Amino acid sequence: MIFNCAVLQVDESERDPAKAQAINADGPRYLAEAANETAAEIVQFSTQYVFAGEPIGRPPYTVADEPKPVNVYGSTKVGGEQAVRDTCPHSYIVRTSWVYGSGKASILCNAHSELQAGKRVRAIGDIWSSTTYVEDLIDRCLEIIRTRHYAIYHVVNAGVCTYYEFALEAGRLAGLAYERIDSLLEITHERDMNRIAARPRYTPLRCLASEKLAFQRMRDWRDALAAYVRQDLE
């Protein structure tokens, strides 16, 4: 079993498309070729960034929706998905979104501890997606590979939020009063971030394969975040 977690991230991909192609598309193809030659299975991790993210408020994306990426990262991840599926029939494509957990530096991972420490936190309020607690991602992936049902899966916690809503909930779970959170949490907009690559604005996901296999619905993002904050602060 091969789990391919290698990735060149969003802005880095926009800055260096050739490197993005090598890591996000060509690399998965080579791994899929090796898997096929050795009768192995492969899990290729992908992203909600394969979708356009318009319009805001649309139904969650499923595998029935055509990928229409808005940046180099998304385009090369689509290429990686297709390369793996074309090359190795024993493959699982796992699209996930806004993954957080211990050991990673991001607003999703650190908002609760930053706010608790009295630090100001800037959070984007006009991009919406599904969030994914890494422990839940791991559990669902193990459940998927036990089925040997080769397909595209959307693995995310239930619900949709912005970075701002996520940080607000993280502060509440850390025990801060709303007035304290409000004094530390600054809402900003994507247009003010000066990031290199465009981001899709609205990308919640829904997993038709999981529904077909009668998997239990993944817990709500607030419940997952509560488990993470509780564990991180213990």
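Is Glu 33 buried, partly exposed or exposed? At 32% relative accessibility, Glu 33 counts as partly exposed. I will come back to that residue in a moment. Before that, a caution: what you see above is a predicted model.

Let me start with the whole chain. The protein chain has 234 residues, and a compact globule of that length would have a radius of gyration near 17 Å. The chain comes out at 18 Å, which agrees. Along the principal axes, the C-alpha trace spans about 60 × 35 × 30 Å. In secondary structure, we have 9 helices and 11 strands. Buried residues account for 50% of the 234. The exposed surface is about 11,200 Å², and carbon and sulfur atoms supply 49% of that area.

One more number for the chain as a whole. Take the contacts between residues at least 6 apart in sequence: 83% of them join residues at least 24 apart.

Now to helix H5, residues 134–147. This helix has 14 residues. From first C-alpha to last, H5 reaches 20 Å, close to the 20 Å expected at 1.5 Å a residue. Which residues of H5 are buried? They are Asp 136, Leu 137, Arg 140, Cys 141, Ile 144 and Ile 145. Looking down the axis of H5, these buried residues fall within an arc of 160 degrees, so they line one face of the helix. The general background is that an α-helix has 3.6 residues a turn, so residues three or four places apart point the same way. Just after H5 comes Arg 148, which takes a positive phi of about 55 degrees.

On to charges. Side chains of opposite charge can pair when their charged atoms come close. How many salt bridges does a search of the whole structure find? The search finds 15, and I will go through three pairs.

The first pair on my list starts in H5. Asp 136 forms a salt bridge with Arg 219, with the closest N and O atoms 2.8 Å apart. Asp 136 lies in H5, while Arg 219 is in the loop between helix H8 (208–212) and helix H9 (221–233), so this pair ties together parts that are 83 residues apart in sequence. The two partners can be placed by accessibility: Asp 136, at 10%, counts as buried because the cut-off is under 20%. Arg 219, at 35%, counts as partly exposed.

The next pair stays inside one helix. In H6, residues 163–173, Glu 169 and Arg 172 are 3 residues apart, about one turn of the helix. Their salt bridge has its closest N and O atoms 2.7 Å apart. Glu 169 has 12% relative accessibility and counts as buried, whereas Arg 172, at 48%, counts as partly exposed.

That brings me back to Glu 33. Its side chain meets that of Arg 29 in a salt bridge, at 3.9 Å from N to O. Both residues sit in helix H2, residues 17–37, and being 4 residues apart, they are separated by about one helical turn. Arg 29 has 28% relative accessibility, so it counts as partly exposed. Glu 33, as I said at the start, is partly exposed too, at 32%.

Which residues do shared salt-bridge partners join into one network? Asp 26, Arg 29 and Glu 33. That is what I have for today.

Note on methods: Residues numbered from 1 in each chain as written. Predicted model: local features only at pLDDT ≥ 70, side-chain atom pairs only at ≥ 80, totals over all residues. Heavy atoms only, no water. Helix = DSSP H or I, 4+ residues; strand = E, 2+ residues; numbered from the N terminus. Expected span 1.5 Å × (residues − 1). Buried < 20%, exposed > 50% of the residue type's maximum accessible area, 1.4 Å probe, protein only. Arc of directions from axis to C-beta. Rg over C-alpha atoms; globule rule 2.2 N^0.38 Å. Contact = heavy atoms within 4.5 Å. Areas by Shrake-Rupley, 256 points an atom, 1.4 Å probe, with all protein chains shown as cover. Salt bridge = Lys/Arg side-chain N within 4 Å of Asp/Glu carboxyl O.
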